[in-house]
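This walk-through takes a predicted model and follows its internal space, its strands and its cysteines in turn.

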Amino acid sequence: MPLPADWLLTAQRAAIHLPTATAVIADVHLGYDQVRRAAGDAVPLRGLDDSVASLSVLQRTHGVHRLVVAGDLFERATCNESLAGWLRWLGEAGWELVGVVPGNHDRGVPANCLPLFPDGIQLGEWRVVHGDGDLPNGPVVFGHYHPCLRWAGVRAPCYLATATRLILPAFSPDAAGVNVVGDPRWTKFLCYAISGRSVIECGLVGELAPPKRLAADRRSARAAPGRRRFPRGSSIRR
């Protein structure tokens, strides 16, 4: 089951829809640091630096100028200062914000400040949604789940894909991510982990052993030298 040909998965946590030269990101969570600090948490102020740095590399490396946000642009809908700075930077950098699909964190965003598409955005045969509700029929791209691969000492954000589904990693570096290994929802999805400047195909999620089983396999391998009992698909290089 190969990756759908319409898509290029990048190390910048953005998927590029090749026929329309459009980058799709999800779970940006602008203002995360402000919201956490207002709640009394001691977290560093990041500002827009991480977000715009990744978009700059994406634009320079792949030559894209169109952007779609698949939900959760904000950590909270009242983060207006972060939005103003982000939109200003997009304009100065030459990005066209095609649209934003509101996510569960975006509830209450005024419709006049952004190109909002509550029912999703169509890119070719693919529908871009957030993923917090029922998915439409046909090929769908979405975020919401913050997929992450934690396996065999690896901890990395990842994409999940089938022929008609593409799940994006969280664009925000503050998103810890939810481990996909051992989760029955994703057993038939291919996992593509981000490692530095590369995206590495890791095989089907269902063929990656959960951490407890992997530890048991390692103990068995040590007890019986020469017999490797690791599951197929464990091809990540460290």
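**Cavity, strands and cysteines**

In this predicted model, the structure holds 1 cavity of 30 Å³ or more. The space in the largest cavity comes to about 30 Å³. Its lining is made up of L73, F74, V100, P102, D106, V109, L114 and L116. By class, that lining divides into 7 nonpolar residues, no polar ones and 1 charged residue. Asp counts as charged, so D106, listed in the lining, is the charged residue there.

The strands come next. An open sheet is formed by 5 strands in the order 1-2-3-4-5, and the pairing in this sheet is mixed. Strand 1 (7-9) and strand 5 (96-100) stand at the edges; each has a single partner strand, so one side of each is left without a neighbour in the sheet. Direction ignored, neighbouring strands of this sheet are turned by 25 degrees against each other on average. Strands of a sheet pair through backbone hydrogen bonds, and the pairing is either parallel or antiparallel. For strand 4 (residues 66-69) and strand 5, the sense is parallel, over 4 bridges. Within this pair, R66 stands opposite E96 of strand 5.

Further along the chain, strand 13 (residues 190-195) is mostly covered, with 5 of its 6 residues buried. Strand 10 (residues 154-161) runs antiparallel to strand 13 and is joined to strand 13 by 4 bridges. One residue pair here is C158 with A193, its bridge partner in strand 13. Strand 13 also pairs with strand 14 (residues 198-204), in the antiparallel sense and over 6 bridges. Y192 stands opposite E201 in strand 14. Strand 13 and strand 14 form a hairpin with 2 residues between the strands, and in this hairpin G196 takes a positive phi near 60 degrees.

That leaves the cysteines. A disulfide is a covalent bond between the sulfur atoms of two cysteines. How many disulfides does the structure hold? The number is 0. C158 is in no disulfide, and the nearest cysteine sulfur, that of C191, is 3.9 Å away. The cut-off for a disulfide is a pair of cysteine sulfur atoms within 2.5 Å, so the 3.9 Å between the sulfurs of C158 and C191 does not meet that cut-off.

Is C158 buried or exposed? C158 counts as buried because its relative accessibility is 0%. C113, by contrast, is partly exposed, with a relative accessible area of 28%. The limit for buried is under 20% and the limit for exposed is over 50%, so the 28% of C113 falls in between.

Key: Residues numbered from 1 in each chain as written. Predicted model: local features only at pLDDT ≥ 70, side-chain atom pairs only at ≥ 80, totals over all residues. Heavy atoms only, no water. 1 Å grid on protein atoms, 1.4 Å probe; cavity = no way out; pocket = protein on both sides within 12 Å on 5 of 7 lines; lining within 4 Å. Points joined across faces, edges and corners; volume = space filled by probe spheres on them. Buried < 20%, exposed > 50% of the residue type's maximum accessible area, 1.4 Å probe, protein only. Pairing = 2+ DSSP bridges. Axes fitted to C-alpha atoms, helices over the stretch in contact; angles between N-to-C directions.
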